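Thanks for making the time this morning. I would like to walk you through one model, starting with a sheet and ending with a few individual residues.

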Amino acid sequence: MTAAADPVKLMKQEVGKAAAALVKSGSIVGLGTGSTTAYTIQFLGDRLKSGELKDIVGIPTSFQSEVLAKQYGVPLTTLDAIDHIDIAIDGADEVDPQKNLIKGGGAAHTREKVVDYLAEQFIVVVDSGKLVDRLGSSFAVPVEVIPMAMTPVINAIKKLGGKPELRMGVKKAGPVITDQGNMVLDVTFDSIDDPINLEKTLNNIPGVLENGIFVNCVDLVLIGEVKDGKPLVREL
């Protein structure tokens, strides 16, 4: 199927393009991870090549976003070299009506949280299928754990009412290993009534590096939809 005949792919491109259009010259940009933000990075590169955008640098949130930035000609820097981030653009696995998120489907949520929370403006790009009434409705909470602490962390999460499952690799024997060299538990809860407190509670378990609940950090959500075979972008 070609891109022209694939409305879902076109919709992701349009959302990525809409987010890239919000970046101004001279900005320090957090570069998120995932299929939709990949298009944002591509369109940032296009704007740089055309001369429409100048003097931006990117902070990648994963090896994937670093590779894409180099591929599309987006200059990169590090958190050591800058004192702020103007705008971060990233995807999400779930978005609730309060703009709280679950992220971490790509196991990059630790780096994403560092970059996204630092940004003066944080924009989320998703398709409408990621919208939920309550977090945890369709996606487990990813929890990054240092390997030596796996068993005590699992036991602590079970006491909180969570059902943890070690994320296993695809086309790889053994568990998924993050860019930090850790493992990921995907934790299912019957109900997440208080995401703000659950985010803190999970992170207070010794051995947990970070979890995928993002609260009180999103400024704008760009939502892609396909209606009558045509891609549309709306804001939340």
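Before I name any partners, one definition: two strands count as a pair if DSSP finds at least two bridges between them. What we are looking at is a predicted model, so please keep that in mind throughout.

With that definition in hand, take glycine 30, whose bridge partner in S3 is alanine 88. The strands concerned, S1 and S3, pair in the parallel sense over three bridges. Alanine 88 also stands opposite phenylalanine 122 in S6, and that second pairing, between S3 (residues 85-90) and S6 (residues 119-127), is likewise parallel, with five bridges. Isoleucine 85 stands opposite alanine 119 in S6. Going on from S6, five bridges join it to S12, again in parallel, and there valine 124 has valine 221 of S12 as its bridge partner.

Let me now step back to the whole sheet. It is an open sheet of six strands in the order S2-S1-S3-S6-S12-S13, and its pairing is mixed. S2 and S13 (230-235) stand at the edges with a single partner strand each, so one side of each of them is left without a neighbour in the sheet. Direction ignored, neighbouring strands are turned by 20 degrees against each other on average. Helix H1 (residues 7-20) packs on this sheet, where it touches S3, S6, S12 (220-227) and S13, and its direction makes about 155 degrees with that of S12.

How much of S3 and S6 is buried? Five of the six residues of S3 are buried, so S3 is largely enclosed by the rest of the structure; for S6 the count is seven of nine residues, so S6 too is largely enclosed.

Next, helix H3, which spans residues 63-72 and whose buried residues are Ser65, Leu68, Ala69 and Tyr72. Seen down the axis of H3, these buried residues fall within an arc of 100 degrees, so they line one face of the helix. What do they pack against? Their packing partners are strand S1 (28-31), helix H2 (35-50) and strand S2 (57-60), and S1 and S2 are strands we have already met in the sheet order. The face of H3 turned away from the buried side carries Phe63, Lys70 and Gln71, which are exposed. As for the two ends of H3, serine 62 caps the N-terminal one, with a side-chain oxygen 3.3 Å from the backbone nitrogen of glutamine 64, while just after the helix glycine 73 takes a positive phi of about 80 degrees.

Now to two glutamates, beginning with the one that carries an annotation. UniProt, in an unreviewed entry, places the feature "active site" at Glu112, and I would add that such annotations may be inferred rather than shown by experiment. In the model, glutamate 112 is in helix H4 (residues 109-118). Is this residue buried or exposed? Its relative accessibility is 4%, and it therefore counts as buried, the cut-off being under 20%. Leaving aside neighbours within four places in sequence, glutamate 112 is in contact with Thr33, Thr61, Asp90, Lys103, Gly104, Tyr117 and Phe214.

The second one, glutamate 210, is in strand S10 (residues 208-211), and it is buried as well, with a relative accessible area of 13%. Its side chain joins that of lysine 113 in a polar contact of 2.9 Å. Not counting residues up to four places away in sequence, glutamate 210 touches several others, including His109, Thr110, Pro142, Glu144 and Asn203.

Finally, for those who like to look at backbone angles, there are two residues other than glycine to inspect. Alanine 107 has a positive phi of about 60 degrees; it is found in the loop between strand S5 (101-102) and H4, and at 9% relative accessibility it counts as buried. Aspartate 228, with a positive phi near 55 degrees, lies in the loop between S12 and S13, and at 79% relative accessibility it counts as exposed. That is where I will stop, and I am happy to take questions.

Technical notes
Residues are numbered from 1 along each chain as its sequence is written. This is a predicted model: local features need pLDDT of at least 70, side-chain atom pairs count only at pLDDT 80 or more; totals for chains, interfaces and linings use all residues. Side-chain values use heavy atoms; hydrogens and water are left out. Buried means under 20% relative accessible area, exposed over 50%, partly exposed in between (1.4 Å probe, protein chains only). Helices (H or I, at least four residues) and strands (E, at least two) are DSSP runs, numbered from the N terminus. The arc is that of the directions from the helix axis to the C-beta atoms. Contact means heavy atoms within 4.5 Å. A polar contact is a pair of N or O atoms within 3.5 Å; within protein, one must be able to donate a hydrogen and the other to accept it, and residues adjacent in sequence count only if both atoms are side-chain atoms. Axes are lines fitted to C-alpha atoms, for helices over the stretch in contact, and angles run from 0 to 180 degrees between N-to-C directions.
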